[in-house]
Amino acid sequence: MATHQVTFPISDPAEVLKLHAGDEVVVQGHVIGIRDRTQIRIFDQGVEPPMDLRGAFLLHTAPNVRKLGAGRYEKLCIGTTTSARMVRFTEGLGRQYGVRAICGKGGFPDEAIEPMQRLGMVYLAIVGGAAALETTQIEEIEEVAWEDLMPECLWKFRVKDFGPLTVGIDAHGNSLYHQVQERANTKLEELYARFQ
């Protein structure tokens, strides 16, 4: 297992290829907050996103914020949500918009593995319940779009030392979830064999 510092958005797709399932990643730069309704607007309703997603790191979130003025928000609690239900957007995010990383909790289903490998993307897992820590690692909410979807808007966060995150699915077709399941199955077989 290696630890990587990665600054987003990334311009060189080779940066993603350095990441392998099980590695740790600490993120600098910018993170784009996105959730169900945002992606439904983009893909099901055909509305182009008002933020540039090329090379982006997307965080599955609907943050708790306080409005300070026109387009300005103060962070209160920025946690993550379960990713699995948003897996259907993976292909479009990579192919149409050049997204390089998606992050959330609970893992991504197997159907994400092939498009992520083909399009040079990774899924980064975050610990559920770590919203207090995540919030401290977000320095500022720099931009918000589609405020009518509040809190499921598009959010642009400036982050410092965001993580550590774990590479759950890499751009080489490997899944940490598969590896853990295989080890668990082997261990179960050993335990069954002992008691027969």
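This passage walks through the predicted fold of a protein chain, from its overall build to its cores and a few odd backbone spots.

The model is predicted, so local features are reported at pLDDT of at least 70 and side-chain atom pairs at pLDDT 80 or more, while totals for chains, interfaces and linings use all residues. Residues are numbered from 1 along each chain as its sequence is written, and side-chain values use heavy atoms, with hydrogens and water left out. Mean pLDDT (the predictor's confidence in each residue, from 0 to 100) comes to 91 for the protein chain, with 92% of the residues at 70 or more. Confidence peaks in helix α2, at a mean of 98, and bottoms out in helix α6 (residues 176–194), at 60.

The protein chain has six helices and nine strands; these are DSSP runs numbered from the N terminus, with helices being H or I of at least four residues and strands E of at least two. Its radius of gyration (taken over C-alpha atoms) is 17 Å, which agrees with the value near 16 Å for a compact globule of 196 residues, going by the rule of 2.2 Å times the number of residues to the power 0.38. Along the principal axes, the C-alpha atoms fill a box of roughly 70 × 35 × 30 Å. Half the story is inside: 50% of the 196 residues are buried, where buried means under 20% relative accessible area, exposed means over 50%, and partly exposed is in between (1.4 Å probe, protein chains only). About 9,500 Å² is exposed, and carbon and sulfur atoms supply 50% of that; the areas come from the Shrake-Rupley method with a 1.4 Å probe, and for residues only the protein chains shown count as cover. Of the contacts (heavy atoms within 4.5 Å) between residues at least 6 apart in sequence, 66% join residues at least 24 apart.

Now for the inside. A nonpolar core here is a set of buried Ala, Val, Leu, Ile, Met, Phe, Trp, Tyr and Cys residues joined through side-chain atoms within 4.5 Å. The largest one has 29 residues, and those touching the most other members are Val27, Phe57, Leu124, Trp155, Phe157, Phe162 and Leu165. Strands that each supply at least two residues include β1 (3–8), β2 (24–34), β3 (57–60) and β6 (101–104), and β9 gives the most, with six residues. Another core, of 27 residues, lies apart from this one and has Ile42, Leu58, Val87 and Leu154 among its members.

Phenylalanine 162 sits in strand β9 and is buried, at 0% relative accessibility. Beyond its neighbours within four places in sequence, phenylalanine 162 is in contact with residues including Val25, Val27, Phe57, Leu59 and Ile138. Phenylalanine 57, with residues up to four places away left out, touches Phe8, Val27, Cys103, Leu124, Phe162 and Leu165, among others.

As for cysteines, the whole structure holds zero disulfides, a disulfide being a pair of cysteine sulfur atoms within 2.5 Å. For cysteine 103, the nearest cysteine sulfur is that of cysteine 77, 15 Å away, and cysteine 103 is buried at 0% relative accessibility. For cysteine 153, the nearest is again the sulfur of cysteine 77, at 16 Å; cysteine 153 is likewise buried, with a relative accessible area of 0%.

Two helices show how the packing works out. Helix α2 (residues 36–44) buries Asp36, Thr38, Gln39, Arg41 and Ile42, under cover that includes β2, β3, α3 (90–97) and β9. In α3, the buried residues are Thr90, Gly92, Leu93, Gly94 and Tyr97, and their cover includes α2, β3, β6 and α4 (113–119). A glycine with positive phi follows each helix: glycine 46, at about 70°, just after α2, and glycine 98, at about 75°, just after α3.

The backbone has some oddities too. Most residues other than glycine have a negative phi, and most peptide bonds are trans. Tryptophan 146 has a positive phi of about 60° without being a glycine; it is found in the loop between β8 and β9 and counts as buried, at 15% relative accessibility. Aspartate 161, in strand β9, has a phi near 55° and is partly exposed, at 37%. Cis peptide bonds join methionine 150 to proline 151, with omega about 0°, and glycine 163 to proline 164, with omega about 5°. Proline 151 is in the loop between β8 and β9, whereas proline 164 lies in strand β9.
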